[in-house]
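Hi everyone, thanks for making time this morning. I'd like to walk you through one structure, so please pull it up and follow along.

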Amino acid sequence: MGSASPRDHLMKLLEPVVSAEGLDLEDVTVTQAGKRRLLRVIVDRDGGVSLDDVAEVSQAVSTALDDDDSMGQSAYTLEVSSPGVDRPLTEPRHWRRAAKRLVKAEMRDGTVVEGRILAADETGVDIDVTGTARRLDYEDLTRGRVQVEFRRIDDVDGDEG
């Protein structure tokens, strides 16, 4: 019997709902939280996600879940949010959305490259590694992580003093 996992079912159900709101469905998780379950839906898009976007997609997701009865009759809490800074960069769109950010990229050969994203396209990412642009093809990457910075490059560009 090749039945899909509950997560796969939710991803398949919610992807068109989230897409209709102009967002990408990044992940869906269901965890037990006491007597309730927590359904966490992670959405994103180029340019980021506003609170209004979250409110609208939350309503659409809630309606879809009620119509499909995917969560059954027991109580659950729906949480819709954008990905945090700790989300791994695994898809081309993740790298593109992290432009100008400092990242640590883990390579398939076990090495780690740290630098600032200059640009990303469908085949790879260009990173500034200590003043030198370096091209990393996605096929050579396992994943990347945005590094937390207290002063991002955008902040420094605006300072003249």
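**A walk through the salt bridges**

Let's start with one pair: R97 and D24 form a salt bridge, and their closest N and O atoms are 2.3 Å apart. R97 sits in helix α3, residues 92–97, while D24 belongs to strand β1, residues 24–33, so this pair ties together parts that are 73 residues apart in sequence. Before I go on, please keep in mind that this is a predicted model.

Are these two partners buried or exposed? R97 counts as partly exposed, because its relative accessibility is 22%. D24 is partly exposed too, with a relative accessible area of 27%.

Now stay with the same two elements. E26 forms a salt bridge with R93, with 2.8 Å between the closest N and O atoms. Here again distant parts of the chain are linked, with E26 in strand β1, R93 in helix α3, and their positions 67 residues apart in sequence. How accessible is E26? At 14% relative accessibility E26 counts as buried, because the cut-off for that word is under 20%. R93, in turn, is partly exposed, with a relative accessible area of 24%.

There is a third pair for you to find. The side chains of R96 and D46 meet in a salt bridge, at 3.0 Å from N to O. R96 is in helix α3, and D46 is in the loop between β2 (36–44) and α2 (51–68), so to speak a link between distant parts of the chain, 50 residues apart. R96 has a relative accessibility of 34% and counts as partly exposed. D46 is also partly exposed, at 43%.

If you like the reasoning behind such pairs, side chains of opposite charge can pair when their charged atoms come close.

Which residues belong to the network of salt bridges? D24, E26, D44, D46, R87, R93, R96, R97 and E122 are linked in it. The structure as a whole holds 19 salt bridges.

**A histidine in the helix**

While you have helix α3 on the screen, please look for H94, which is found there. H94 is buried, with a relative accessible area of 4%. What does H94 touch, leaving aside residues up to four places away in sequence? The answer is E26, R87, P88 and L89. Two of those names may sound familiar: E26 and R87 are also among the residues of the salt-bridge network.

**The whole chain**

Let's zoom out. The chain has four helices and eight strands. Reading along the sequence, you meet them in the pattern α-β-β-α-β-α-β-β-β-β-β-α. The C-alpha trace spans about 55 × 45 × 30 Å along its principal axes.

Of the 161 residues in the chain, 32% are buried. For contacts with a separation of 6 or more, 52% are between residues 24 or more positions apart. The chain exposes about 9,900 Å², and carbon and sulfur atoms supply 48% of that area.

**Charges at the surface**

How many charges does the chain carry? There are 22 positive and 34 negative ones, and their mean positions are 5 Å apart. One place to see negative charge is the surface patch formed by D66, D67, D68 and D69. Of these, D68 lies in helix α2, and D68 is partly exposed with a relative accessible area of 32%.

**Two backbone spots**

Last stop, for those of you who enjoy backbone angles. K100 has a positive phi of about 75 degrees, although K100 is not a glycine. You will find K100 in the loop between α3 and β4 (102–107), and this lysine is partly exposed, with a relative accessible area of 48%.

T130 is another residue other than glycine with a positive phi, near 45 degrees. Where is T130 found? T130 is in the loop between β6 (124–129) and β7 (132–137). With a relative accessible area of 80%, T130 is exposed, because that word applies over 50%.

**Back to the start**

To finish, please turn back to helix α3 and strand β1. R97 in the helix pairs with D24 in the strand, and R93 in the helix pairs with E26 in the strand. Thanks for listening, and I'm happy to go back to any of these spots.

Terms used:
Residues are numbered from 1 along each chain as its sequence is written. This is a predicted model: local features need pLDDT of at least 70, side-chain atom pairs count only at pLDDT 80 or more; totals for chains, interfaces and linings use all residues. Side-chain values use heavy atoms; hydrogens and water are left out. Buried means under 20% relative accessible area, exposed over 50%, partly exposed in between (1.4 Å probe, protein chains only). Contact means heavy atoms within 4.5 Å. Accessible areas come from the Shrake-Rupley method with a 1.4 Å probe; for residues, only the protein chains shown count as cover. Lys and Arg count as positive and Asp and Glu as negative; His and the chain ends are not counted. The place of a charge is taken as NZ of Lys, CZ of Arg, CG of Asp or CD of Glu. A salt bridge is a side-chain nitrogen of Lys or Arg within 4 Å of a carboxyl oxygen of Asp or Glu. Patches are made of residues with over 30% relative accessible area and no salt bridge: like charges are joined within 9 Å, nonpolar side chains (Val, Leu, Ile, Met, Phe, Trp, Tyr) within 5 Å.
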